[in-house]
Structures are given as C-alpha cells and as structure tokens.
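Dear colleague,

I am handing over the structure we spoke about, and I would be glad if you could look through it alongside the notes below.

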Amino acid sequence: MVIPEPEAFHDYTASFLAYLIWDPVHMYNAVTNGWTDFEHQITFDVRQPKTRAFTMERLRKFIADYPYVDVIRYCVKTVAVLNSWGKARSWGCHMVHHALYQKQNYSCAGAVDFGEGKKSIYALHGAQVLVQRDKEVQMAVNEYGAGRGVYISGLPYSFENSRLLHRAVLWSTHSEEEMERWLSANCNVDVHAYVDSGKFCVVNNTYELQSTTVYRGDGSSFPLRLAANEIRWFEI
C-alpha cells in the first residue's frame, strides 16, 4: 500500500479482507523443517457444522489408521496479544519445541493472579487510582499537559477486560468520541469494518444467544440478536 501524500503525524489504518490458503504453522514447517511431501493445509473453523463434521470424520479415520497413537495435539489459533494477558493463559498455551522462547510464557501453567503482582508501584501526586488491592496499585490514570497516561498492572484476558483496554487506549489519546463507532454495546460481540470493501460484520464470540446494539462508523446504531457463534454481514 502506498500513500502518495501522507499527512504528517497522522494515524492511518489499513483494513482488508484476506483469504488464508496455507496454515502459517504448516508453512513454517515446510520452509524450516523440510516438509515438502505434504499438501498445503489450511486452518479450520470447527464452529461451522460442515467443517466440524469433516474434522471429526478425518480424526476418526486417523485414529483407525494409526491405533498406536495415544496422544493427539490440537493447535488452537487466537489473537497474538492474548498470549501476554494474565491468568486466562492457565488453560495451557504452552510453547512448542520449535518456537522461540517468550518471557510471557512463564505463566501458562496458571502461576499468576490478576495483575501479575507488580510490587512497589506507587501513584504520583495528582494521579487518580482507579483500582487498588492489598495496597498495590492495579489501575491508575494521570494527565500531564495535553497528554494522558494509563497504568494497568497486568490484565487477565476476558471480553470485559478487552473492552476495558479499548476504552483505556481511546481515553489516553483523547478519542473518547470514537468509542461508539464500529462497536458492539455487548462486549461478547465484536464488530469488524472493512470500509474500502463497503462491508462490515458482527460476530458473536460465545456459544450462547447474544443481544446487542451495533454502532456504525457514523455513530448511528441498530439492535441485533445473534445465535451462538453467528457472523452476520452488512453493507456500509
């Protein structure tokens, strides 16, 4: 992408739709470990009925063909930033043998609590402490001149905390008016806008029926109910 005459210090966002034709992990093994005699694999969204049926059929065939195999590992893909969040990592986001070590991985076995226990953190005069537990600052905000700062001592991943981080970023950049744009009032539901393509979708991230108010880019809104894991597409 080329911007011919960019505005100085302006924040640009590039949004696009992409179709995955080769699973990144399989691509890595093909390039690094010489996996050359395999078909290109793609990631599966097993929430979809036909994909789930195909996956289960393939799994049963594999078990039948290789009865000596007693352990099958699944690779679950999610947004990379989640690997740096707190206690929720205890579900088992362990490093694989060919991955580069990451410091954040230490808590994957559930060794941390909310806030990841940063000790001896003190709020300066003028700062507003929003959350304090056991005399330790968990969350605080401050302003200096035209700038704003937000301190959060770790943040376990949840839909609620994801929304909290979103609000913190907007507040710190004096962009509170942008909050209700391409947003779902229900934090269990996400809105993804592809402005150049003239489309946006609303995604229910749960296995339950969800009701929400969807905010468009111009601030207008409409109510919506989504079935479990449903994705609904709209024209902008």
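The notes that follow take up the first helix, then a surface patch, and then the cysteines.

Please keep in mind throughout that this is a predicted model.

The helix α1 spans residues 24-32, and its N-terminal end is capped by Asp 23, which places a side-chain oxygen 3.0 Å from the backbone nitrogen of His 26. His 26 is also one of the buried residues of α1, the others being Asn 29 and Ala 30. Viewed down the helix axis, these buried residues fall within an arc of 100°, so they line one face of α1. This fits the general geometry of an α-helix, in which there are 3.6 residues a turn, so that residues three or four places apart point the same way. After α1 comes Gly 34, which has a positive phi, near 75°.

On the surface, Tyr 19, Ile 21, Ile 42, Phe 44, Val 46 and Phe 54 together make a nonpolar patch of about 640 Å². One of these residues, Phe 44, sits in the loop that runs between α1 and α2, the latter covering residues 49-65. Phe 44 has a relative accessible area of 39%, and is therefore classed as partly exposed, a term that covers values from 20% to 50%.

As for the cysteines, Cys 187 is buried with a relative accessible area of 18%, and Cys 201 is buried as well, with a value of 4%; both calls rest on a cut-off of under 20%. A search of the whole structure for disulfides finds zero.

With best regards

Definitions and conventions:
Residues are numbered from 1 along each chain as its sequence is written. This is a predicted model: local features need pLDDT of at least 70, side-chain atom pairs count only at pLDDT 80 or more; totals for chains, interfaces and linings use all residues. Side-chain values use heavy atoms; hydrogens and water are left out. Patches are made of residues with over 30% relative accessible area and no salt bridge: like charges are joined within 9 Å, nonpolar side chains (Val, Leu, Ile, Met, Phe, Trp, Tyr) within 5 Å. Accessible areas come from the Shrake-Rupley method with a 1.4 Å probe; for residues, only the protein chains shown count as cover. A salt bridge is a side-chain nitrogen of Lys or Arg within 4 Å of a carboxyl oxygen of Asp or Glu. Helices (H or I, at least four residues) and strands (E, at least two) are DSSP runs, numbered from the N terminus. Buried means under 20% relative accessible area, exposed over 50%, partly exposed in between (1.4 Å probe, protein chains only). The arc is that of the directions from the helix axis to the C-beta atoms. A polar contact is a pair of N or O atoms within 3.5 Å; within protein, one must be able to donate a hydrogen and the other to accept it, and residues adjacent in sequence count only if both atoms are side-chain atoms. A disulfide is a pair of cysteine sulfur atoms within 2.5 Å.
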